[in-house]
Every structure is written in C-alpha cells, then in structure tokens.
Amino acid sequence: MNRYSQQRRDSLVARLKAGNRAAAAELVDIYYERIYLFMRRLGHSRQVSEDLTQESFFQAWQHIGRLRSGKALNSWLHQIAANASRLHWRRNKGRKAVSIDGMDVPDNGKAEFDKVGHLEQLEQLKNGVANLPMKLKETVVLHYMQHLTIAEAAEAIGVREGTFKSRLSRALRALRRQIAAEDR
Amino acid sequence: MKEEKLEKLLNELADVTVEPSRPDFADDIKQRIPHRLIPPRSGIDTVNIIIDLRVSKLAAAAAIIITMVLWGSFLRGSDSIGDSLYKDGKKLVKDFLGAGNEENKALVAKSGYRHNMFLAKSRYQYLVQRGEDVTYYGDNIDPQDSNVVLMQWKLSDGNYKVIFADLREKTVSAEELIELQARMLHEKTK
C-alpha cells in the first residue's frame, strides 16, 4: 500500500499546489506504476495504457488546484485516470479489452497438482474480471486490485458509497456465475 | 464459490498480475511536466507590479510621504523653504497611520500586506535568477496568517530556508518543513 504518511502526502500536495516541478516529478515516481497497472487491469493495451497514464498525469498537473488534501490524493488521481479511460473507450467503441499477459504465481510450497488447480482458478477469475461490464469492472479493479477503500473508490468513480457497494456485490455475483458456468 | 474465497482470490489476482512498465517510462512522463505548473494569479512581471501599485494608491501615498520625511530627516529636518514640509509630512504620516480610525487601520494593514508581497516577489525573482529551486506559495496562502510559509528553498546542507508571510526567515529541517506544509494545507481546508 501507500508508504507515504499523511503528513508527507499533505506536504506533497502543498508543494504541488504551489507549482513546484520537483513535487510533480515526485508524484510521478510514487504513482506511475499504479496508474499504468490500473489502465492495464481495465483492459487497455500496453501502448494505450502508457498513453492514458501520461494523459492522467498531465490532467492532474493542470487541475492540481482542485485537490483538497493529501488524504484525497490517491482517489483523486484514480478519478482522473478512470475518466481518461472512459473517454478512451467512448472514442474507440468496439475495441476489445486486452488482459494482462502473464501471471507470476509464487510457489508457496504447494504441491504441483494444487498449484495447477490454483493457477486455473486465478486464470478463470482473470478472464471473469475481463468480461465484466465496464462499470462493474471498475469497481472490482479499484477496490480489490488497486486496493482503494470503499470510500476512496466510490469517490474515484463519482458515485455514493451505497451505489458503489451495490455495484461491487453485483460484480461479485457475476463473477461467481461465470466461474460456476466454466466449472460445469 | 463463497464470497470470502472470491475476495481472497481477487486480492491474490492483484498481486500476481503485476506487469512492470518499460524502464524509462517515468522519465518520459516527467519530461512532459509543464515549465510552469500553475500560472500565478498575480504575476511578477512589470505589468502586474504596476497594476499592484496602481491598486494600492494609499500605500503609494504613504510611501511618498515617508520618503519625504526620511529625506527631511536626512537634511536635518529642514528644507530650502524651511521646516514646514517636514513637519507637515510628519503630521500627515501620523494622521495616515491614524491611531483611532478603524478604516485607516484596515487600509494600513492591507498596504502592509501588499508591501510584504511585493518585497517577497522581488526576493523570489532574485532567488530564481540566482538559480535556486524556490517554491513560492504566495498565490495560494492566506497572507494575513503570519505563520504561513511564503516561500522555501533547499540549502546545500540539506536543510531548508523558509520565509513566512510576515517576512521572517528560518532554517528548518526537512521534517519541520513537512509539518509546516501539512499545517498550511489543513488551515486552508478548514
């Protein structure tokens, strides 16, 4: 999770709001991998994910004045990234989502048979997430994969916490259905 | 599959689907950082300085009178006509700083603030020209709060020089600076 303490994030936001370029570079160092992965997990290709990550940071610098505090930094940046992603899908209707290629599953001392079974489960789940409608996919990715809290994730996609929770439970139901159908 | 197990697997999926970006990707993003992240609301160029001076007519009047008084003092309290100008000037300053008048007090405070901002901006310009990496907060702070940080820059020993809104200067460590900045942000969001 985020190693930066609240105070450090507040300090970063204060410097960003003052237009400090070193702070802008620090923001990139802390968040570029997370935002890139967010784009990949939403189903964008490598190249598009890079473009959208760059676009997200550019938008963040342009609108840094709107950021309230260091506490909101994570959800604010994800909000910008989610908007950039949605805009891209809208402009490129019909383009298929691409899932992350490989999976690096740690050994954990499991027997080969268990490992293969576990890997299959994860692969099923990965495909299940990739096949979710975009609104549901966003909720799953933000909460479970980007590790945002319910409040942060709801803020990131601009909905109330109740709405977010309901979308999340719909997403989990859909995933369970998909996995059950594949197991049959 | 139970919900708990599904959630656990989703968390695990996040850990195993970590795809690194290309090595120089962060540098590419940093190259796009605009030279000026946020254009200052009131600029520090000549035009804005003139505008600032034009707005503060009373401050300008006070500055002229004070200059006259100082020159009078320099010439031992007399001028070619006599000491009437010096005396009148002193009286004007006294009236302007007007002990009893609340409106005058507010105007004087406002003029003082503008004067501080003007000096701070000049100092900022000088430091930037000297090549220091100065962060100027003047356009985002409440200048009435004398404890707020107006600008900062890093010193060669790793500490930071900080100038407050009342133009006090202080050398602080990185940790102290973080505390000051965090306090500023919290004050602002209150």
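**View 1. Strands 1 and 2 of chain B run antiparallel.** In this predicted model, 2 bridges join strand 1 (residues 135–136) of chain B to strand 2 (residues 149–154) of chain B. Look for Tyr136(B). Its bridge partner in strand 2 is Met151(B).

**View 2. Strands 2 and 3 of chain B form a hairpin.** The two strands pair in the antiparallel sense over 5 bridges. Strand 3 covers residues 160–164. Gln152(B) has Val162(B) as its bridge partner in strand 3. Between the two strands sit 5 residues. Gly158(B) lies in the turn and has a positive phi of about 95 degrees. In a regular strand the side chains alternate between the two faces of the sheet.

**View 3. Chain B combines 7 helices with 4 strands.** Its elements follow the pattern α-α-α-α-α-α-β-β-β-β-α along the sequence. Of the 190 residues in chain B, 18% are buried. Now take the contacts in chain B between residues at least 6 apart in sequence: 36% of these join residues at least 24 apart.

**View 4. Helix 4 of chain A spans residues 73–91.** This helix has 19 residues. From first C-alpha to last it reaches 27 Å, close to the 27 Å expected at 1.5 Å a residue.

**View 5. Other helices of chain A help cover the buried residues of helix 4.** Buried residues of helix 4 include Leu73(A), Trp76(A), Leu77(A), Ile80(A) and Ala84(A). Their polar-named neighbours need a look too: Asn74(A), Ser75(A), His78(A) and Gln79(A) are also buried. The cover includes helix 1 (6–17), helix 2 (21–41), helix 3 (46–62), helix 6 (134–145) and helix 7 (150–156) of chain A.

Terms used
Residues are numbered from 1 along each chain as its sequence is written. Chains are lettered from A and ligands numbered from 1 in the order in which they are written. This is a predicted model: local features need pLDDT of at least 70, side-chain atom pairs count only at pLDDT 80 or more; totals for chains, interfaces and linings use all residues. The expected span of a helix is 1.5 Å times one less than its number of residues. A residue is buried if 20 or more other C-beta atoms lie within 10 Å of its own, exposed if 12 or fewer, and partly exposed in between; C-beta atoms are placed from the backbone. Two residues are in contact if their C-beta atoms, placed from the backbone, lie within 7 Å. Two strands pair if DSSP finds at least two bridges between them.
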